[in-house]
Amino acid sequence: MDTITIVLVLLLAVVVSEFLSRMLRLPIPRPLLQIALGGAIGLVADFRVTLNPDIFFLLFLPPLLFLDGWRIPKEELVRDARPILALALGLVVFTVLGVGLLINYMVPAMPLAVAFALAAVISPTDPIAVSAIASRVPIPKRMMHILEGESLLNDASGLVCLRFAIAAALTGTFSIYDATLNFIWLAVGGLGVGFVVTWVINAAKNWVARHYGEDAGSQILVSLLIPFAAYLLAERLECSGILAAVSAGLTMGLSETSGQAMATTRVRRSTVWDMIQFAANGIIFVLLGEQLPAILHSAAETVRLTGHHEPGWLLIYVLAINLALAVLRFVWAWVSLSLALLRARRRGVVIQRPSWRFVAAMSLAGVRGAITLAGVLTLPLFLYDGSPFPARDLAIFLAMGVIILSLVAASIGLPLLLHGLQLETNTTQRAEEDRARTAAAEAAIAEVERVQHELGEGKPDADIYVAAAARIMDLYRARIEAQSRVGDDPALARQIEAIEARLRIAALKAERMTIYRLLRTRKIGSETARKLVRELDLMESRYEG
């Protein structure tokens, strides 16, 4: 009962954080509210959450990384592969070396291997936290795509570096040759396992659906099990479960292009995964806050590890680490950008250098979050000889401080850096959307006409089929006509679309309220009302999206 109560309290805190983030006028990111609520729970409640690192890692990381890989725009990932890889791989190694040496210099009591482990833990970024911070400030879409791609890959590279650092701390030895071979196996094996597991499961699922029908509930459950299957199999084969989860998500996104799942399955599955993402990320931050009072309570012992006697030194260390992370990120981004511009000039392409404020925004956008907390909690409790893992509590405290301070710095700095900057207009995506809508409507008209002839051929009431087909084709022709207006006057066409959307939403809401009124007066049954309301909800979601 205690475990169930703890879970329910954590979920309630996540819900309350969402309400508070909407009620407060201040641009406070939701993760900070969740940490504060977790801290309040830790101070008031008479229970303590004992986190088993392995279980914590297994429960939270595979589904979150899988979903990131599933939903990330693949074409953007390919287009910006060079800067994404530079940030996700090169910057991670640069950060681990630079920050690890800094931590070891500041805190001699922390062994070098543990300092590198802490640096590896704080190297991955969290786009969920950035999105929460930037909800009221427009961030360039390409910047967000790069941040998302970086986060997707640097989770894996940072945690792989963490694995090597922990192994060095446990054994006291480190071999570059063995580490290189191990890294190759971890990377290739993890990516391969994720691809194979997802492909096999989807192939089997689709075969069953084609021959015996599709059930939305079982399809959703299968999608929930895929990341755990890929992660566990990869770990069993001693390769990277993290990369397996990422690869599984990417493969899932590619397999979805076949369009074999039913529309209702996709709608319900998307809703379920949205809820899991919201709850899992929220619980992680609430747990971070819940752990803070206990760690702060032992601050005196933690400070003694640093060789000082004042708790204020812990804050100085957190500030120094955050400053080092931002400076290293700024330097790396600036050098990478300069090299990219130099390569472009050699090809004869002239590209205007972005403002330094964009580079600074990229540096501040490197917010640490769920992955950092999950990673630091996997530090083992004991060494192989049974002695306590050196400076574990200090590492956890510093990691938590980095998460909180990076959230605060980004929530204050990003709006200031991005305010007033000219952001790129997404005309290419709009043009693609218009072309796709027109092509889809033309294909629909052709198919309706074909099916109408097929159904009405040789029947005495063929006129009924012609009339029904004409009504449907008129709707698609109206869509094609609306899209053709975009080329004449894009601004006017967008304004007309916005007006039509508001009118349609108003009409749909009126329909829904009438159905509910009929239900309350018992003029229709609940099953009929539920079916009609769901149809209206699906139509309204199109215009609200």
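The following is a conversation between a visitor and a guide about a predicted model.

Visitor: Before the details, how many helices and strands does the chain have?

Guide: The chain has 21 helices and zero strands. Of its 545 residues, 44% count as buried. Among the contacts with a separation of 6 or more, 80% are between residues 24 or more positions apart.

Visitor: Let's begin with H1 and H2. Why are these two helices called oblique to each other?

Guide: Their axes cross at roughly 135 degrees and come within 9 Å. Angles from 65 to 115 degrees count as roughly perpendicular and those over 145 as roughly antiparallel. The value for H1 and H2 falls in neither range, and the pair is therefore oblique. The crossing is right-handed.

Visitor: Which residues make that contact?

Guide: From H1 come Val-9, Ala-13, Val-14, Val-16, Ser-17, Glu-18, Leu-20 and Ser-21. H2 brings Arg-30, Leu-33, Gln-34, Leu-37 and Ile-41. By class, the contact has eight nonpolar, three polar and two charged residues.

Visitor: Ser-21 is in that list. What makes Ser-21 count as buried?

Guide: Buried means under 20% relative accessible area. Ser-21, which is found in helix H1, has 14% relative accessibility, so Ser-21 counts as buried. Its side chain reaches the backbone oxygen of Glu-18 at 2.8 Å.

Visitor: What makes that a polar contact?

Guide: A polar contact is a pair of N or O atoms within 3.5 Å. The distance from the side chain of Ser-21 to the backbone oxygen of Glu-18 is 2.8 Å, under that cut-off.

Visitor: And Gln-34, over in H2: is that residue buried or exposed?

Guide: Gln-34 has a relative accessible area of 3%, so the residue is buried by the 20% cut-off. Gln-34 sits in helix H2, residues 30-44. Leaving aside residues up to four places away in sequence, Gln-34 touches Val-14, Ser-17, Asn-281, Gly-282, Phe-285 and Val-286.

Visitor: Phe-285 brings us to H12. Why is H12 called oblique to H17?

Guide: Helix H12 (residues 263-297) and helix H17 (residues 392-418) pack at an angle of about 125 degrees, with their axes 11 Å apart. The perpendicular range ends at 115 degrees and the antiparallel one begins over 145, so H12 is oblique to H17. H12 passes H17 in a left-handed crossing.

Visitor: Which residues of H12 and H17 meet there?

Guide: On the H12 side are Phe-285, Leu-288, Gln-291, Leu-292, Ile-295 and Leu-296. They meet Ile-396, Phe-397, Met-400, Ile-403, Ile-404 and Leu-407 in H17. These residues divide into 11 nonpolar, one polar and no charged.

Visitor: H12 also packs with H10. What makes H10 oblique to H12?

Guide: Helix H10 (residues 216-236) and H12 pack at about 40 degrees, with their axes 9 Å apart. Roughly parallel requires an angle under 35 degrees and roughly perpendicular begins at 65, so H10 is oblique to H12. The crossing of H10 and H12 is right-handed.

Visitor: Which residues meet in that contact?

Guide: Ala-216, Gln-219, Ile-220, Ser-223, Leu-224 and Pro-227 in H10 meet Thr-265, Arg-268, Arg-269, Val-272, Trp-273 and Ile-276 in H12. Sorted by class, there are seven nonpolar, three polar and two charged residues.

Visitor: Let's turn to the loops. Where does Ala-391 lie, and what is its phi?

Guide: Ala-391 lies in the loop between helix H16 (370-376) and H17. Its phi is near 60 degrees, a positive value in a residue other than glycine. With a relative accessible area of 12%, under the 20% cut-off, Ala-391 is buried.

Visitor: How do you know whether Arg-522 is buried or exposed?

Guide: Exposed means over 50%. Arg-522 has 77% relative accessibility, so Arg-522 counts as exposed. Arg-522 is found in the loop between helix H20 (490-520) and helix H21 (526-544), and its phi is near 60 degrees, a positive value in a residue other than glycine.

Visitor: One last residue: why is Tyr-465 called partly exposed?

Guide: Its relative accessible area is 25%, which lies between the 20% and 50% cut-offs, so Tyr-465 is partly exposed. Tyr-465 lies in helix H19, residues 462-488. Not counting residues up to four places away in sequence, Tyr-465 touches Gln-452, Leu-455, Gly-456 and Lys-459. The C-alpha atoms of Tyr-465 and Val-451, 14 residues apart along the chain, are separated by 9.3 Å.

Conventions: Residues numbered from 1 in each chain as written. Predicted model: local features only at pLDDT ≥ 70, side-chain atom pairs only at ≥ 80, totals over all residues. Heavy atoms only, no water. Axes fitted to C-alpha atoms, helices over the stretch in contact; angles between N-to-C directions. Helix = DSSP H or I, 4+ residues; strand = E, 2+ residues; numbered from the N terminus. Left-handed = near helix turned anticlockwise from the far one by under 90°. Contact = heavy atoms within 4.5 Å. Nonpolar A, V, L, I, M, F, W, Y, C, P; charged D, E, K, R; others polar. Buried < 20%, exposed > 50% of the residue type's maximum accessible area, 1.4 Å probe, protein only. Polar contact = N/O pair within 3.5 Å; in protein donor to acceptor, adjacent residues only side chain to side chain.
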